[in-house]
Amino acid sequence: MIRPSFDAPVADEPPTSDQLTDYDRLHIIHYVILLDAERENVPWDEVAREALQIDPLTELARARRAYETHLARAKWMANSGWRQMLRAGSPEAQV
């Protein structure tokens with residue numbers, strides 16, 4: 001079973017599947033942080049640096065792309081992916 005981890009390496013882009021993936025399960029913490037940060041109007045570059053561990057000062061394009069694609073995936077999880085977690089009886093869904 002995949003356990004969520006804040007320390008898990010973040011890919012430049014998350015999966016684009018319409019199915020829940022192991023990457024999603026591993027990075028659910030990052031998705032929640034991204035959604036909370038957007039709600040709180042935290043600047044994207046701060047989120048990229050602190051949550052995704054990509055420095056926008058040295059890797060601007062990569063940081064921006066990772067932020068945008070992970071935020072989009074987080075929104076997918078909030079709207080659709082969580083249902084798959086519940087149907088699967090995933091322990092992460094009980095958090």
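Which residues does Leu 52 touch, not counting residues up to four places away in sequence? Here are some notes on that and on the rest of the chain.

1. To answer the opener: Leu 52 touches Val 10, His 30, Leu 34, Val 47, Ala 66 and Tyr 67, once residues up to four places away in sequence are set aside. Several of these names come back below.

2. Before going further, keep in mind that this is a predicted model. The average pLDDT of the chain is 88, and 86% of the residues score at least 70. Among the elements, helix α3 (residues 44-50) has the highest mean pLDDT, at 97, while helix α4 (residues 60-87) has the lowest, at 88. As a general caution, predicted coordinates should not be read in detail where pLDDT is low.

3. The overall layout is easy to follow. You'll find four helices and zero strands, so to trace the chain along its sequence is to read α-α-α-α. Of its 95 residues, 36% count as buried. The accessible surface comes to about 5700 Å², with 52% of that belonging to carbon and sulfur atoms.

4. How do distant parts of the sequence meet? Take the contacts between residues at least 6 apart in sequence: 55% of them join residues at least 24 apart.

5. Now for the largest nonpolar core, which has 19 residues. Tyr 31, Leu 34, Val 47, Leu 52, Ile 54, Tyr 67 and Met 77 are the ones with the most contacts inside this core. Helices α2, α3 and α4 each supply at least two of its residues, and α4 gives the most, with seven. Leu 52 is worth a second look here, as its touching partners include Leu 34, Val 47 and Tyr 67.

6. Helix α2 makes a nice check on geometry. With 12 residues (28-39) at 1.5 Å a residue, α2 should span 16 Å; the C-alpha atoms at its ends are 17 Å apart, which agrees. Its buried residues are Ile 28, His 30, Tyr 31, Leu 34 and Ala 37. In general, an α-helix has 3.6 residues a turn, so residues three or four places apart point the same way. After α2 comes Asn 41, with a positive phi near 60°.

7. One last residue to look up is Ala 78, in helix α4. Is Ala 78 buried, exposed or partly exposed? Its relative accessible area is 43%, so Ala 78 counts as partly exposed. The C-alpha atoms of Ala 78 and Tyr 31 are separated by 8.8 Å, although these two residues lie 47 residues apart along the chain.

Key: Residues numbered from 1 in each chain as written. Predicted model: local features only at pLDDT ≥ 70, side-chain atom pairs only at ≥ 80, totals over all residues. Heavy atoms only, no water. Expected span 1.5 Å × (residues − 1). Buried < 20%, exposed > 50% of the residue type's maximum accessible area, 1.4 Å probe, protein only. Contact = heavy atoms within 4.5 Å. Areas by Shrake-Rupley, 256 points an atom, 1.4 Å probe, with all protein chains shown as cover. pLDDT = per-residue confidence, 0-100. Core = buried A, V, L, I, M, F, W, Y, C linked by side-chain atoms within 4.5 Å.
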